[in-house]
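User: Please take a close look at a single part of this model, the place where its two chains meet, and describe it in one connected account.

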Amino acid sequence: MRDKTIRPIVLVLLPLLLVTATASPAPLRISEDQKIVHVLNRIGFGARPGDVERVLKIGIPAYIEEQLHPERLTDTLADDRVIDLNSLTMSRSKLLEQFPDPQQLARQLGIRNPNQNKNAADPNAAPADQRKQAKARAELQEYMVENKLQRPPQLLQQLISNRIIRGVYSERQLQEVMTDFWFNHFNVYWDKGADRWLTTDYEMNVIRPRTMGKFKDLLLATAQSPAMLFYLDNHLSSAPTPAVEALRKRANANNNKRTPGINENYARELMELHTLGVDGGYTQKDVTEVARALTGWTIDQPKVNGTFVFRPQMHDRGEKTVLGQRIPANGGIQDGTRVIEILANHPSTARFISTKLVRRFVSDNPPQALVDKVAATYRKTDGDISEMLRTIFYSEEFNSPESYGQKMKSPFEYVVSSIRTLGGDTGGNQQIGRAIGQMGQALYQYQAPTGFPDRADFWTSDGALVARLNFAVTLTSGRIPDTRVSLNGFKDAQAAALYLGSPDFQKR
Amino acid sequence: MSQSRRFFLKSSGLAMASFAAVPSFLVRTAMAQGTTASKDRPILIAIFQRGAADGISVVPPFGDRNYSKARPQIAVPAPSRSAAETAIDLDGFFGLHPSLSPLKSIYDEGHLAVVHAVGSPDNTRSHFDAQDYMEAGAPGNKGLPDGWLNRYLQGAGKADATAFRAIALDAKMPRTLMGAAPALALAKIQDFDVRGGNPKQAASGDVYAAFEAMWHNSTFDAMKMLKNANPQRFQPENGARYPNGQFGQSLLQMSQLIKADIGLEVGFLDIGGWDTHANQAGQLTQRLREYGEGLSAFYRDLGDRMRNVVVLTMTEFGRTIKQNGSGGTDHGHASALFVMGGPVKGGKVYGKWPGLAPEQLYEGRDLALTTDFRDVFSELLKKHMRAADTAKVFPGWQPGQALGIL
């Protein structure tokens, strides 16, 4: 794969399985089936056996409406499958209790030097020290087992399993696609400090309930989420006032690395990545002003409970001007909500969000006419996400044959659609998450706030191709624990592997 | 090859002293004719520090009295024998961050150069635009489809080029290497093979052949070539110890690919974690330790082979001169980079120092730029990689006078 897209040498693979294999080859029928396959590929993660027939029966518009209202769909199968993922429904404090930071726990228990070297016992340590380390690790392990405590990486694993299982089983396919989309748009990095314990709540209670509501509600919820406040450092941003200094000194008696002041990190990414876009018309001055407005938006005890709190002592009370709009002095918490409002109502935001949605659902090169239409819907409906989606799904561009099969599947889409197309069953084994990572999409672990780029060239390295082929072989030969697929319609497992590994199947 | 080796005692922070060989590329001109062509091929390894590394912490200008003023808590202290964790003196004005101690001897041997106040003239403070500009080699231009390293490869076509001529050790192809010239991207050597779930077991011949028929041959050619060369048989030499973690492992693999003589000319890898908006001092202490240990291990490991290898580091921009309210720094402008290798005229900090007084700062807050990154990159391509011309590599850019790093 030398070029930017995967160019198939053999376009159509062995005619082993086509959804239409048993149907009559009348052109009209094929075209209708193609349309259905297209909708199932773009609105969801591809067809499971029987899906095409079902949509054929109820019609594409009815299917789209169904998907735009996930709350009307029962989802027992998926819900049942994730029931063992106990961290997903825990409160933040319970989660910290059940999945404690091992280092912190060891300190609390008075166990010394349990595991200084994260990767293994330190080979440089003297033998006596190594023995001590081993003993301390065993002691900690014993305590954790006795008290049924788990380690934080399990939280990550449960999040990944949940995504895989719901992607495979959920009737609410669009809801899963939009969860993936918005989490990536408002990306946080699981491995950054307290975000290990905050990301679960972020996905379950901030992103998932707001995937198809008003954009401004989602924006505000992320702005006030402990996960985002921590990830982009706004929880530390404060006015440089003496009152704050005293507060800091108390809080960080042994941390003299700070003098109070603003932190621009969130303010900049809020405009560049979450709302206006980098060419959306803001200046460095706007970044500073937004940061001032958001001072005091912080987290109460990130490592104990972690809830949003507004601290007036940290807030810059002066007047601000954001994108030409004056925010009068002494606005308190309202300064921040005013900023969110200004940004959500800005035409650049309508354009930027529309572009990203069209890129996701239609093409790597979003057609300008459709972007304009979707942006108009945004402005007309006060940023109603489901209305924007409706505009896309019924558009000429979405339904044009030129857009069929032209989007490269992300590794997550590839893996989930593979299991779905073979009518598979899975418990979301960690080997699947690891495979997705090898293909270049380690879920919840993209360090930069951009999230994964949504373009074919990002997914098409030689290494990623080899990882995809390996997954095809492993899955079809039944070597992934907890995961089974049906080979119905294929000669054998190899034929199924070739189907999943074919150039065509990499696209949606 | 007859080589004069001298040994010296190394004691960089390790409890046990160990011996390491000093590369003997001091005699490279005498040797050049006697070695095989493939081993004399110039090699360039580009390393991107993603997230905007703070140049004035990496190479602190402790001699500028405004430095500690702007950063009362997080400035790297001037060198001092009595205190620990102070800058390592380079020339009485600049120092290295204390975590970079493994690099000091390479600097002293004359094979590590620093360029300071270097970067991109574009005023963006967006990581993603700035990375894009630097990787494209064209600040302010979003229209270029390919990266500067790829355009270099396009212009320097070689009849004997292999699939491993250009490689990124990454699951994705970096922007720098995207373009018409063939390049490979893979995260780990050991994963680059079609298997059936069991690492020891190859996929059955049928599946393998069928995949090969439906995909580009180049991927499969590279796979076979790698299997035959088996680069992983090369263990670190000369006492080199790579740090744990992805950066160290990628450098080790890069060294293995070089030793395997499979035609590597251009290598790329990146290291994240430089976006230090909060608690910068602690973060950089860790990050720079891994960084310095990695670069130093690579240099030691390759030993004599460093005579035709140059490592070039880069970062999208620097950070604010003043510390912010969280013991960190926000997005700035110019930063510092390293050039390391046999052909490098090191032991020197290159570039004009713009000063840190308030009126000397870029837009009143950042380190001003005195060297455009394209000047450094052009010099490297011309003098090390023997590129005839870099006008197409850096469109619209007329390189200024060479700094004389090579």
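Analyst: What follows is an account of the interface between the two chains, with a short look at one strand of chain B at the end.

The model is predicted, and in it 60 residues of chain A are in contact with 58 residues of chain B. The size of an interface is often given as the accessible area lost when the parts come together; for chain A and chain B that buried area is about 4,800 Å², with 55% of it on carbon and sulfur atoms. Across this interface there are 2 salt bridges, one of which joins the side chains of D279(A) and K142(B) at 3.0 Å, taken from N to O. Polar contacts between chain A and chain B, counted where both residues have pLDDT 80 or more, amount to 16 residue pairs.

On the side of chain A that touches chain B, the elements that give two or more residues are α14 (265-275), α23 (456-459), α24 (462-476) and α25 (493-500) of chain A, and the largest share, 10 residues, comes from α24(A). Sorted by class, that side of chain A holds 23 nonpolar, 22 polar and 15 charged residues.

Turning to the strand in chain B, β9 (residues 266-271) has 6 of its 6 residues buried: V266(B), F268(B) and D270(B) point one way, while G267(B), L269(B) and I271(B) point the other way. Strand β3 (residues 43-49) of chain B pairs with β9(B) in the parallel sense over 6 bridges, and there Q49(B) stands opposite I271(B). Strand β7 (residues 166-168) of chain B also runs parallel to β9(B), joined by 3 bridges, with I167(B) having G267(B) as its bridge partner.

Technical notes: Residues are numbered from 1 along each chain as its sequence is written. Chains are lettered from A and ligands numbered from 1 in the order in which they are written. This is a predicted model: local features need pLDDT of at least 70, side-chain atom pairs count only at pLDDT 80 or more; totals for chains, interfaces and linings use all residues. Side-chain values use heavy atoms; hydrogens and water are left out. Contact means heavy atoms within 4.5 Å. Buried area is the accessible area (1.4 Å probe) that two parts lose on being put together, summed over both. A salt bridge is a side-chain nitrogen of Lys or Arg within 4 Å of a carboxyl oxygen of Asp or Glu. A polar contact is a pair of N or O atoms within 3.5 Å; within protein, one must be able to donate a hydrogen and the other to accept it, and residues adjacent in sequence count only if both atoms are side-chain atoms. Helices (H or I, at least four residues) and strands (E, at least two) are DSSP runs, numbered from the N terminus. Ala, Val, Leu, Ile, Met, Phe, Trp, Tyr, Cys and Pro count as nonpolar, Asp, Glu, Lys and Arg as charged, and the others, Gly among them, as polar. Buried means under 20% relative accessible area, exposed over 50%, partly exposed in between (1.4 Å probe, protein chains only). Two strands pair if DSSP finds at least two bridges between them.
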